[in-house]
Structures are given as C-alpha cells and as structure tokens.
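Colleague: Please take one part of this model and go through it closely. I would like the helix that follows the last loop before the second disulfide's partner, or whatever part you find best connected to its surroundings.

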Amino acid sequence: MKSSLISSIVLASQVLALPSAPAVRANTAVKYAGVNIAGFDFGMNTTGAQDMSKVYPPLTALGGPDGAGQMSHFVKDDNLNIFRLPVTWQYLSDSNIGTFDTTKVANYDKLVQACLTTGATCIIDIHNYARWNYEIIGQGGPSDASLVQLWTQLATKYKSSTNIAFGVMNEPHDLDITTWGNTVQEVVTAIRTVGATSQMNRHETWLTNVVLLPGTDYTSAGSFNSTSGPALSAVKNLDGSTTNLIFDVHQYLDYDYSGTHTECVTDNIESAWQPLANWLRQVKRQALNTETGGGNTASCEQYLCSAINFMKREMRCGTLIVVSSNTDVFLGYVAWSAGSFDNTYELDLTPTWSGSSWTDTALMKACIAR
Ligand SMILES: *[C@@H]1O[C@H](CO)[C@@H](O)[C@H](O)[C@H]1NC(C)=O
Ligand SMILES: *[C@@H]1O[C@H](CO)[C@@H](O)[C@H](O)[C@H]1NC(C)=O
C-alpha cells in the first residue's frame, strides 16, 4: 500500500513540477543528520592493519583539532544531531588483541563524552574492515569470541546512555557473508546480554541502544538488497525481535564509488537507494547511511543534495507542495568527514575556526547542514 502511494506521489510531483519550480530542501525531516568525526582511525587501511603513528585524535587535549568545538558548532549552527566516532580495535587495545587499554579507552571516551554533551546521538564505530592485521575476524583471523569480548566491554561502558549507538564494524569486505552474519549475531547477543537491551518506558517509546549491522562489499547500499541484507536479516535480539537493529549502509558518488575523488557522477538513486528502499519496505526494516560524501565541488553538491533529498523532498508547484518521502525506511545520513581532516583531503568537511566563528565547507553548507 505504502509504496504504491509513494510512487503515485512521486509521479504527481514529476507531472506537476514546472522547470522553474524550486525544490524545497527538506532534509530537516529525516531523523538523523550528521557527520563523521575522524582521527582515532587514521593510519588504518582496508587490510585491517594500522600505522599507529598516524593516529590523530580530534581533541585539543590530545594535541589535535577541536572535534568537541566542531560538534557543538554542527549542532548549534547546522542542526545536525548525530556523529560517528571512528576508532580502531588496535587503538583501544593498544595493539594487544584481547586487552582493553584503559588509557587509550579514556582518550577515546573524551570524544564520546564531548559528543554526548551536545545532546546528539553518538555512534561508536570500530573501523576495522572486519579484520585485524590482514586477517578476517571469524574467518581465519581473530575468533568471534575476541570481537565479542571487545563489544562486551564497550557495551558495558556505554549501555547507560541511549544516545549511544553501537556500530559493530566499519566496511567488512571480501568475506563469506553468511559466516559474517553469525559473527554479527554473536556481537548483538553479547551487547544485549550485558544490558544494552530492549525496554519500554511508560510512553511506550523504545529506549534501547541502536546497533548498526554492517554487510560485506564495504557495506555498500547498492548490493545490500541482494547480498548483505538477506544474511543480516537473520540477526535478532535476545527476545527474537529486531527492534533497533538497523542496517548500516555506505554509498559514495564518484565514478568508482570509492569516495576518494572530488568529482561526483551519480546520486545512486536508481542503482542503490530506490531498490534498497523497496527491499527494506518488503522486509519491514530500516537503514542508516553512515558514510557518504564528496568533494567541495559543484558536481558533488548536485548529486549529494539529490541523494539526501531522496529521503525526503518537497516540490513547490505554485501554491501546492508535493512531498515524497522515504523516511519510513531511511533514518538519515552521516557524511564523511570532519574531525582531524583538513582542506588537503578530498572529502574534507571540517569547519575552520577564525576569530569567533566557524566556517563550513561548501558541501556542508549546500547539502548536509539543515
Ligand atoms: C596498510 O597499513 C599497513 C600498516 O601501516 C601497511 O604496512 C600496509 O602496507 C598497508 N597496506 C595497504 C594495502 O595500504
Ligand atoms: C536488488 O536491486 C536490484 C537493482 O539494483 C534488482 O535488480 C534486484 O532484483 C534486487 N534484488 C532483491 C532481492 O530485491
């Protein structure tokens, strides 16, 4: 029902929209809009190996950029309400798998607390590509139990704040997705077992922490409906429900979808977002886009704004406003990336401080802020 209603509204908007009709920016309607605050992950690559000398925490207290100031600016001036805080397994364990280094964890916690202070939702993102030093977790590399141990400690530390979301793993790739689905299930079971669990308050609002479930192929939105989604659909809470188990999807807009070029060539709506929306409605699930972005260029402004507006857009046709919405299946977007990047980085979204105010990058202003 819902999808046919939506397609007729989309059709109506196409019919009614005159060339001169301005598209009204409506990304205020998505639940979550935000940006990554990177730096603790610097030096990590897709092999799951990290050059620890490259770590550059986005915290002035640790000699880095002012990630805390960036986040409060984004909340206050840009109406953002979610930040993803990448960190590596190696960093938290001081490179000794199985340990939880208290000093390093306290360093990362400074960023988490700075995020929580803004009132935003804060995603703990283990930025390891489903690997530890070239080897795949649960598939020849570290055991599932090792990852479960890490997540048990993190969930124990952060379960008391429902503004924390648990990002199980950044961008798994080149692995067996069914086996990986079992690994993710073990992590979810561990997180819910320590108490970051489903509970309802008297207003019947779900108060449980969101857990983000990542698929293979760098958790690409484009192949999620056929590959990752079906395998991850089997992952359940302790009570058999899927409450707050949200699919984690990424999608870049450059010609090879790698997110390494300053020019964008597609909004991915036909190839990724529309098929994914259809599939999510079919299986009654939701997704959050935790990485997308582009250069501060006209092409990326065009295509990223288009991709974001696909979640919720309004067309003004004379006095009539036509709305098409996918907010039932897409919770929002978290762009890549601010934090410790600067304007030498292709996908830089770090605002600059001058005198008494922050200045945003062009892409932040055009598409991400709201
Ligand atoms: C990944 O990072 C490790 C550690 O810095 C480095 O030795 C390795 O060459 C890198 N591999 C790739 C493919 O970039
Ligand atoms: C997934 O989406 C593609 C289009 O990108 C479509 O051809 C395919 O049938 C879809 N598969 C499922 C299972 O929905």
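Modeller: What follows is a close look at helix α9 and then at the disulfides and strands around the chain.

The model is predicted. Start with the dimensions of α9. The helix covers residues 269-283, which makes 15 residues. At 1.5 Å a residue it should span 21 Å, and its end C-alpha atoms are 19 Å apart, so the two values agree.

Which residues of α9 are buried? They are Ile269, Ala272, Trp273, Leu276, Ala277, Trp279, Leu280 and Arg281. An α-helix has 3.6 residues a turn, so residues three or four places apart point the same way. Lys284 comes after α9. The phi of Lys284 is positive, near 60 degrees.

Next, the helix partner. Two packed helices are described by the angle between their axes and the distance between the axes. For α8 (residues 221-232) and α9, the axes come within 6 Å. They cross at roughly 35 degrees. On the α8 side, the contact uses Ala221, Gly222, Phe224, Asn225, Gly229 and Pro230. On the α9 side, it uses Ser271, Ala272, Trp273, Pro275, Leu276 and Trp279. By type, the residues of this contact are eight nonpolar, four polar and no charged. Ala272, Trp273, Leu276 and Trp279 of α9 are in contact with α8, and these four are also among the buried residues of α9.

Now the cysteines. How many disulfides does the structure hold? It holds three. Counting bonded cysteines along the chain, the pattern is 1-2, 3-4, 5-6.

One of them involves the loop that leads to α9. Cys264 is joined to Cys300, with S to S 2.1 Å. The angle about the S-S bond is 95 degrees, and the link is right-handed. Cys264 sits in the loop between β9 (245-250) and α9, while Cys300 sits in helix α10 (residues 298-309), so the disulfide ties together parts 36 residues apart in sequence. Cys264 and Cys300 are buried.

Helix α10 takes part in another link. Cys305 and Cys367 form a disulfide with sulfur atoms 2.2 Å apart. This link is left-handed, with -95 degrees about the S-S bond. Cys305 belongs to α10 and Cys367 to helix α11 (residues 362-368), and the two are 62 residues apart. Cys305 and Cys367 are both buried.

The remaining pair is Cys115 and Cys122, with S to S 2.1 Å. Their link is left-handed, at -100 degrees about the S-S bond. Cys115 is buried, as is Cys122. A further cysteine, Cys317, has a relative accessible area of 12%. Buried means under 20%, so Cys317 counts as buried.

Cys122 also leads to the strands. Phe83 has Cys122 in β4 as its bridge partner. Strand β3 (residues 82-87) and strand β4 (residues 121-126) pair in the parallel sense over six bridges. Both strands belong to a closed barrel of eight strands, which runs β2-β3-β4-β7-β8-β9-β10-β13 with parallel pairing. Neighbouring strands of this sheet are turned by 25 degrees against each other on average, direction ignored. Strand β9 is in the barrel too, and the loop between β9 and α9 holds Cys264.

Note on methods:
Residues are numbered from 1 along each chain as its sequence is written. Chains are lettered from A and ligands numbered from 1 in the order in which they are written. This is a predicted model: local features need pLDDT of at least 70, side-chain atom pairs count only at pLDDT 80 or more; totals for chains, interfaces and linings use all residues. Side-chain values use heavy atoms; hydrogens and water are left out. The expected span of a helix is 1.5 Å times one less than its number of residues. Buried means under 20% relative accessible area, exposed over 50%, partly exposed in between (1.4 Å probe, protein chains only). A disulfide is a pair of cysteine sulfur atoms within 2.5 Å. Two strands pair if DSSP finds at least two bridges between them. Axes are lines fitted to C-alpha atoms, for helices over the stretch in contact, and angles run from 0 to 180 degrees between N-to-C directions. Contact means heavy atoms within 4.5 Å. Ala, Val, Leu, Ile, Met, Phe, Trp, Tyr, Cys and Pro count as nonpolar, Asp, Glu, Lys and Arg as charged, and the others, Gly among them, as polar.
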